[in-house]
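Subject: Handover of the structure

Hello,

I am passing this structure on to you, and it follows directly below. After it come my notes on what was found.

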Amino acid sequence: MCFGMKILRHEEFEEGCKATCNGPYDGKWSKTMVGFGPEDDHFVAELTYNYGVGEYRLGNDFLGLTLQSSQAVSNAKRLGWPLTEVGEALYLVEAPGGYRFYLVDKDQPHNDPVQKVCLAVSDLQKSTHYWSSLLGMKVIERNEEKKTVLMGFADTQCKLELYNIGGIVDHGTAFGRIAFSCPHKQLPDLEALMTKENYKILTPLVSLDTPGKATVEVVILADPDAHEICFVGDEAFRQLSHMEPSGNALLDKAIAEDKSDEWFAKHNKQKASV
């Protein structure tokens with residue numbers, strides 16, 4: 001409502017994902033994909049909800065998402081959401097849970113309004129090598145003063161910004177990850193490359209089922225600071241990621257039927273804080 005993103009699809013799962021898509025949690029969970037447009041050509045956020053978890057401890061790994069939309073700024077002001085001006089036509093807002101978003105107070109572009117995602121790193125040179133030389137991202141800008149590197153796979157896509165925090169990257173307990181699609185045939189080669197270069201593979205090539213939808217194959221990696229990176233076969237992902245006209249209704253139904261808070265209260269228990 002505040003940013004103007006749309007519910008693209010909503011899915012429910014009875015048990016934890018074998019690729020830890022919902023973190024290292026075994027119980028019932030759901031995911032909701034939100035964004036400004038179709039997953040084929042927009043950055044989208046995957047919101048995961050573990051029914052038995054009430055709170056996560058945030059780390060210093062995810063430093064924020066920047067989007068350009070004067071409408072989002074207007075919405076935040078109208079809804080009374082706290083805004084902090086941190087630059088010229090630039091505002092910081094914290095979403096529920098403490099996640100940071102930076103809003104550029106300019107007209108929303110015709111393409112994807114999401115401009116960049118910023119991740120913390122401990123060694124900028126090492127991380128830049130990993131993301132550019134091994135994963136194939138193009139370095140767009142280096143800023144020695146700000147200790148940042150801006151990268152991307154294409155000029156029209158959301159960019160990745162690496163920021164050197166000069167210390168250990170703490171991932172907390174929310175276990176977020178960044179994901180990309182690529183041709184299915186590239187997944188084994190990517191896994192082999194990381195094995196050869198002696199970088200961590202969190203989940204070797206595996207098939208993941210979504211009830212009533214396409215089965216996708218993924219490889220999940222970890223960069224030098226243990227940021228989780230998921231590569232998914234594009235062909236099946238395009239089938240899985242079709243926008244659902246019923247996405248809003250499915251989410252509303254799941255929220256209405258979620259009695260987990262009542263169950264914990266009835267049994268005089270609290271949801272886990274992890």
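With which side chain does the side chain of Arg9 make a polar contact at 2.6 Å? The partner is the side chain of Glu11. Before going further, please note that this is a predicted model.

Arg9

Arg9 lies in strand E1, which covers residues 6-13. Its relative accessible area is 1%, and therefore Arg9 is buried. Besides the contact with Glu11, the side chain of Arg9 makes a polar contact with the side chain of Glu39, at 2.7 Å. Leaving aside neighbours within four places in sequence, Arg9 is in contact with several further residues, including Lys31, Thr32, Met33 and Lys213. Phe237, Leu240, Ser241, His242 and Glu244 are also among its contacts.

The chain overall

The chain contains six helices and 17 strands. It has 274 residues, for which a compact globule would have a radius of gyration near 19 Å; the chain has 19 Å, so the two agree. The C-alpha trace spans about 55 × 45 × 35 Å along its principal axes. Of the 274 residues, 43% count as buried. Among contacts with a separation of 6 or more, 61% are accounted for by residues 24 or more positions apart.

The eight-stranded sheet

One open sheet is made of eight strands in the order E6-E7-E8-E5-E9-E12-E11-E10, with mixed pairing. Strand E6 (84-87) and strand E10 (138-143) are at the edges; each has a single partner strand, so one side of each is left without a neighbour in the sheet. Direction ignored, neighbouring strands here are turned by 25° against each other on average.

Within this sheet, E11 and strand E12 (residues 159-164) pair in the antiparallel sense over four bridges. One residue pair to look for is Leu150 and its bridge partner in E12, Glu161.

Val149 sits in strand E11, residues 148-152. Is Val149 buried or exposed? Its relative accessibility is 2%, so Val149 counts as buried. Not counting residues up to four places away in sequence, Val149 touches Leu124, Thr128, Val139, Glu141, Arg142, Leu160, Glu161 and Leu162. From Val149 to Leu160 there are 11 residues in sequence and 8.3 Å in space, C-alpha to C-alpha.

Helix H1 (residues 70-79) lies across strand E5 (62-68), strand E7 (90-94) and strand E8 (100-104). H1 runs at about 120° to E8.

The four-stranded sheet

Another open sheet has four strands, ordered E13-E16-E15-E14, and again the pairing is mixed. Strand E13 (177-182) and strand E14 (201-208) stand at its edges with a single partner strand each, so one side of each has no neighbour in the sheet. On average, neighbouring strands of this sheet are turned by 20° against each other, direction ignored.

Strand E15 (residues 216-222) and strand E16 (residues 228-233) pair in the antiparallel sense, over five bridges. The bridge partner of Val218 in E16 is Val232. Helix H3 (residues 186-196) packs on the sheet and touches E13, E14, E15 and E16. The direction of H3 makes about 165° with that of E14.

Helix H2 and the cores

Which residues of helix H2 (residues 124-134) are buried? They are Leu124, Ser127, Thr128, Tyr130, Trp131, Ser132 and Leu134. At the start of H2, a side-chain oxygen of Asp123 comes to within 3.2 Å of the backbone nitrogen of Gln125. Gly136 follows H2 and has a positive phi, near 90°.

In soluble globular proteins, nonpolar side chains tend to be buried together. Here the largest nonpolar core has 39 residues. The residues with the most contacts inside that core are Phe3, Tyr130, Trp131, Leu135 and Phe231. Tyr130 touches Leu135, Met194, Tyr199, Leu221, Ala222, Asp223, Pro224 and Ile229, not counting residues up to four places away in sequence. A second core, separate from the largest one, has 14 residues, including Ala19, Leu208, Val216 and Val218.

That is the end of my notes.

Regards

Conventions: Residues are numbered from 1 along each chain as its sequence is written. This is a predicted model: local features need pLDDT of at least 70, side-chain atom pairs count only at pLDDT 80 or more; totals for chains, interfaces and linings use all residues. Side-chain values use heavy atoms; hydrogens and water are left out. Two strands pair if DSSP finds at least two bridges between them. Helices (H or I, at least four residues) and strands (E, at least two) are DSSP runs, numbered from the N terminus. Axes are lines fitted to C-alpha atoms, for helices over the stretch in contact, and angles run from 0 to 180 degrees between N-to-C directions. Contact means heavy atoms within 4.5 Å. Buried means under 20% relative accessible area, exposed over 50%, partly exposed in between (1.4 Å probe, protein chains only). A nonpolar core is a set of buried Ala, Val, Leu, Ile, Met, Phe, Trp, Tyr and Cys residues joined through side-chain atoms within 4.5 Å. A polar contact is a pair of N or O atoms within 3.5 Å; within protein, one must be able to donate a hydrogen and the other to accept it, and residues adjacent in sequence count only if both atoms are side-chain atoms. The radius of gyration is taken over C-alpha atoms; the globule rule is 2.2 Å times the number of residues to the power 0.38.
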